Amino acid sequence: MHHISRRTLLAAATTGAAALSLPGTATAQAATDRDRTLKKIISGMSLEEKVGQLFVMRVYGHSATAPDQADIDANLKEIGVRTAAEMIAKYKLGGIIYFAWAHNVRDPHQIADLSNGIQQVGLQQPSRIPLLISTDQEHGIVARVGKPATLFPGAMALGAGGSRSDARKAGQIAGAELRAVGIRQDYAPDADVNVNPANPVIGVRSFGADPQSVAGMVAAQVKGYQSAHIASTAKHFPGHGDTATDSHTGIPYITHTREQWEQLDAPSFKAAIAAGIDSIMTAHIVVPALDPSEDPATLSHPILTGILREQLGYDGVVVTDSLGMEGVRTKYGDERVPVLALKAGVDQLLNPPSLDVSWNAVLKAVQDGELTEARLDESILRVLRLKAKLGIFKEPYVSHKGVDRTVGTAAHLAAADRIAERTTTLLVNKEGLLPLSRRTHKNVLVLGANPASPSLSDGPPTTVLGAALTELGFSATVLATGTAPSQATIAQAVAAAAGKDAVLIGTYNVTKGSAQQALVDAVAATGVPVVTLSMRNPYDVAQLSSSDAHLAAYSWIDVELRAAVRVLAGRAEPQGRLPVPVQKADDPTQVLYPIGYGLSY
C-alpha cells in the first residue's frame, strides 16, 4: 500500500478537518460552521491554487509517482509533466479522472494505491486540500473499473427491469466498491431520456424513453450511489436524449421547444435534484429554444445559470462534460472554453485537451478582470463543500483491507446476477420455442458479433454465451461472425448450423439491409430454430423477422449475457419490459412493440 506518514495525516487534520467531518445531513448551524471553515481555507489559497481547484484532469499511469515509461512519455507529450504527482504539484488540481486507456484501473489494489498516492501529493501542497477522484462508471456499456469489481446492468437494462429498488441497490453496491478504491465521484447516472432510436451516443446508457419512468430510476440510482458516500452526477444537462449527432465528434442540435424540454428532458434532472444530487454534468449540445445564441449548453449562461441554478434551484456542483470533445471546441477554441464555462455557471472544468492552455487562460482572465476572484471562490466553495460532505478531508486514504472487504464480494456478484435476471426481455417466441430444453435442443451453435468487452470481462461475448450454455448442460459450438459478416463467413455459419438443434445469434445494432440481417436470414432459411439476442440496442428485433425467438439484453457485459442464457434455458423467467418503443422496420412512424411490451413463459 502507498505508505502514508503520521505527519501527513496530522497535516491533513490541521485544515480544520474537525468542522469538515460532518455527515451529509448537517444541521443549518453545522453547515454555517462548515462554510466558515471552508471560506477560511479559500482565503488562504493563492490565485494559482484557486485556478487549479476548478480543474479535473486525466493522467497516464498506474501509479502517482512511478508510472511505466510509456505513460511518462504520454504525460510529457500531452501534459508536459512526467507523473500525476508532478501534475498536481504544478497545477494545484482539484480532481483527477480515471480512464482505462490511461492505465489507471488495472486492479483494485493498484487503484487504491494510485488514489492514496494522489491524495498524499495533494495534502503536501500549501493549502493541503485532498483531491476529488472521479470516473465514468455507469455500468452496462460504460464502465472503467472492470473485474474483479462487480459489474451491473446498464441504465436501459435497469429500465427494462423496472425496479427502483434494484436500481438503488445497484447504485449502492457500485458506489461502495468505487469508494473502497478511492474514487469518490461517479459520473452516473445518465439522466437523458432516449426518445431517438438513432441516437449514436446515448442509446442504452439511458433508462428509457418515458420521462416519468426515467425520473424514478434516476432518483433511485442517485440515492443508491450517495448512500455509499460517493458523489453521483446526473448527465448530460439539459438532456442529450434526442440527438442524431455524437457530441464527441460534432455539435448536436436539439430542436425541442421549451414546452417539449419541460415535458421530456427536465423531469429526470428535477428528480435528481429532489433526490439530493451532488453534481450535474453539462452537455455539449445546442438547444436554441433554451438559448437562442446557439452556444453549447456547457458555455450557456441562460441554460446553466438561468435554468439550472435559478429555475430548478440547484446549488450543487456543476461539472462540464470532457472539454476535449469536439462539441465544445468548435465555436470558440480551447483558450476561451474554460473561461466561458465559468462565466456560464460551471464549477469543475473536466479534462481539457491542453491543461496548460486552459489553466493559463483562466488565470489570465482573472488577472485581466474578465473573471473576478470572487467568482472563482463561489465555485471553489461548492467543490470544497462536496469534499467535506464526502468526508475526504477527514479520511482521504483507503486501504487494501477495505478493498478486500468490499470489491467484487460473493454477495455483490450474486446481487448483480439477480438484478440482471430481472432485466432480460423476451420480445418474440414463435410456437413457444423458448425456454429451450437441453433434452430436445442439446446441440447449440453460437454465432454473432464480438464488440470490445468492457474492462476485464470473461472474454468476447460469443465465448461468454457458449460457456453459459455449456454450464447449463447444452453442447455449444462457437463461431464469431462479427458485426459485418462477409458472404464467406455467412456461408461458413450456414454450414456450421447443419445438424444443430438450435442457433443462438448475438446481434449488435442491426440496420436494414445489413450483413448481420443477411446472416440471420440465411441461417433461418436452413430450417434450424434461430434465437437472436440483441446485445446493445433493443431496436434490432424490428430487422430480424426471420428469427424464431428474440431476447433483448441491452448490453454485452458478462452479467447480462449469462442472465439472458438462464432465461433462454428456462432457469429464470423473462421479466423485462421494453423501456423504449420499437418502430417497424418498413414504417418508422408505426410502433411494432410499445413501451412496456415483453412476453412471459
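This passage walks through two sheets, the helices that pack around them and one long-range pair in a predicted model.

Start with the parallel sheet. Eight strands line up in the order β9-β8-β7-β6-β3-β2-β1-β10, and the sheet they form is open, with parallel pairing. At its edges sit β9 (317-319) and β10 (349-350); each has a single partner strand, so one side of each is left without a neighbour in the sheet.

Strand β3 (residues 132-135) is a handy place to look at this sheet in detail. Its side chains split two ways: L132 and S134 point one way, I133 and T135 point the other way, and all of them are buried. In the sheet order, β3 sits between β6 and β2. On the β2 side, four bridges tie β3 to β2 (residues 95-98), and the two strands run parallel. Here I96 is found opposite I133 of β3. On the β6 side, two bridges link β3 to β6 (residues 185-186), again with the strands running parallel. S134 has Q185 of β6 as its bridge partner, while T135 stands opposite D186 in that strand.

Helices come into the picture too. Helix α6 (residues 108-124) joins β2 and β3 in a β-α-β unit, and this unit is right-handed. Towards the other end of the strand order, helix α14 (residues 355-367) lies across β1 (55-57) and β10, and its direction makes about 175 degrees with β1.

Now for the mixed sheet. This one is made of six strands in the order β11-β16-β15-β14-β12-β13, and it is open as well, with mixed pairing. Its edge strands are β11 (425-429) and β13 (475-480), each of which pairs on one side only. With direction ignored, neighbouring strands here are turned by 20 degrees against each other on average. The edge strand β13 is joined to β12 (residues 443-448) by six bridges, and this pair runs parallel. Within the pair, V446 has V478 of β13 as its bridge partner. Helix α19 (residues 487-497) packs on this sheet, where β12, β13 and β14 (502-507) are the strands touched, and the helix direction is at about 170 degrees to that of β12.

There is also a helix pair to report. Two packed helices are described by the angle between their axes and the distance between the axes. For helix α18 (residues 461-471) and helix α21 (residues 558-568), the angle is about 40 degrees and the axes are 9 Å apart. The two helices are therefore oblique to each other, and α18 passes α21 in a right-handed crossing. On the α18 side, the contact is made by P461, V464, L465, A468 and L469; on the α21 side, D558, L561, R562, V565 and L568 take part.

Last up is a pair of residues far apart along the chain. K39 lies in helix α2 (residues 28-43). Is K39 buried or partly exposed? With a relative accessible area of 48%, K39 counts as partly exposed, because that label covers values between the 20% limit for buried and the 50% limit for exposed. K39 is 339 residues away from E378 in sequence, yet their C-alpha atoms are 9.7 Å apart in space.

Notes: Residues numbered from 1 in each chain as written. Predicted model: local features only at pLDDT ≥ 70, side-chain atom pairs only at ≥ 80, totals over all residues. Heavy atoms only, no water. Buried < 20%, exposed > 50% of the residue type's maximum accessible area, 1.4 Å probe, protein only. Pairing = 2+ DSSP bridges. Right-handed = clockwise from strand over helix to strand, strands pointing away. Axes fitted to C-alpha atoms, helices over the stretch in contact; angles between N-to-C directions. Parallel < 35°, antiparallel > 145°, perpendicular 65-115°, else oblique. Left-handed = near helix turned anticlockwise from the far one by under 90°. Contact = heavy atoms within 4.5 Å.
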